[in-house]
Structure formats: structure tokens, C-alpha cells
Amino acid sequence: MPFNILTSRMVEAQVMPGQTLFSQRGAMLAYRGDVRFTPSITGGQGGVRGMIGRRVANEATPLMTVEGQGTVMFGHGGHHVHVIDLVGDTLYVESDRLLAFDGSLRQGTMFLGSQGGVMGMVRGQVTGQGLFTTTLEGHGSAAVMAHGGVLELPIGPGRPVHVDPQAYVAHRGDVRNKLSTAIGWREMVGRGSGEAFQLELSGTGMVYVQASEEKL
């Protein structure tokens, strides 16, 4: 169920019988046809276990289940919207950045410490993510929100990408991330996040970077 980009801040999705779409509550701008919107208890194919995990992880952004037949337009808060198509790989993204996504995608929660140990947890605090992030896995599309548009930066063997943690939006693929300090601890006082910390992503995949350090 691919999304059609209407403007830099709006997308459109076709809803068909037998298919499900999930959207952030308040993201629907308009629709045509016989479309139903109901609060989602589980949110995606993660089921009840995934829902419980997201509650524990404080990743429980309210979701709506979208079903029926018609066309729905999505947007939220005037934020820029970027569409990511998954082909069996995994997307790592903050739940509050998810505007809408295919119901065919499995939604889960990942502990940031599993991708970088203690510094992974520090990274979560620096980026504002907390200790957990949301995962979407499978075949389908997701529309994510960002400030000032999104740049896709490919990550390849021997070609790591360094990102300001607060400009980080999401990443996909077989990617390892490491938070490092760009300056000494004593010099960090009064520094912005990009001057004090850098998020290094290596492996094979893609990182999505927004054109601002402002959180949603």
C-alpha cells in the first residue's frame, strides 16, 4: 500500500478491502469513500506482546486502525513527510515520528543498549529517544515526519556516516551505531549536541537525517 506524496507535508494512501493501515492519532486530514478509523490496541503485527513492550518502553504513541475502501490524506503539525519503502528489511525509528504505515509491517520495540551498550543508552538520552526505539520489519511503506525535510545518506563498507544525534530521524539495514564525543568532557558545557556528540553509523544500509536539530 504505497503512499503518494501530495506536498512536502502531505501524503495520500489508497485503502482497500482486506488491507489495514495504521496512522498516528490526529494524522488524518481528509478522506474519500467508505473508510473507518478505530483506536488500535495492538498496533501492527507485533500483537499484544508488542503492545506491552511498547508500553514498558514508553513508545506507546496512540495509533488508529484505518480500514475500508477509499483514499485518505495524512499530515501532522505541518511537519515534512518522507516515505520509506521496506523490502524485507528493518526500519528503526522513533514512534512519534511515524505518521502512517502499512499494516503488513511488523512493529516492535528495541532496547538501544543492544546497539551500542552503555553508549547506546546515552545516545537515547542525547537524541531524546529515551532507552528504546520502534522497529518496523517486512514489506511495505512507512511515512515518517521530520523538520525541514529529510536527506537519505547511504552507508557502505568502509564508508561510515557521522550524524548529529538530534538531526537523526531513522535508519535501516544491517547498521551498527556508536555514539562518540567530538570534544573532551570538560569542553562540553555550553556546546550543542553536534559539537559534543556524534552518532557514527557503519555497515550497509541507509540513515535518514532531517534538516534541523529540533525535535518533533
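Here is a short chat about salt bridges in this predicted model.

Me: Before we start, what are the ground rules for the values?
Reply: Because the model is predicted, local features need pLDDT of at least 70 and side-chain atom pairs count only at pLDDT 80 or more, while totals for chains, interfaces and linings use all residues. Residues are numbered from 1 along each chain as its sequence is written, and side-chain values use heavy atoms, with hydrogens and water left out.

Me: Why is the contact between Arg32 and Glu12 called a salt bridge?
Reply: The term asks for a side-chain nitrogen of Lys or Arg within 4 Å of a carboxyl oxygen of Asp or Glu. Arg32 and Glu12 meet at 3.9 Å, N to O, so the pair qualifies. The structure holds four salt bridges.

Me: What makes Arg32 exposed and Glu12 buried?
Reply: Buried means under 20% relative accessible area, exposed over 50%, and partly exposed in between (1.4 Å probe, protein chains only). Arg32 has 53%, so Arg32 is exposed; Glu12 has 14%, so Glu12 counts as buried.

Me: How do you know that Asp89 and Arg172 form a salt bridge?
Reply: Their closest N and O atoms are 2.8 Å apart, so the pair meets the cut-off. Arg172, at 15% relative accessibility, counts as buried.

Me: And what makes Arg106 and Glu137 a salt bridge?
Reply: The closest N and O atoms are 3.2 Å apart, so this pair fits too. Arg106 has 39% relative accessibility, so Arg106 counts as partly exposed, and Glu137, at 32%, also counts as partly exposed.
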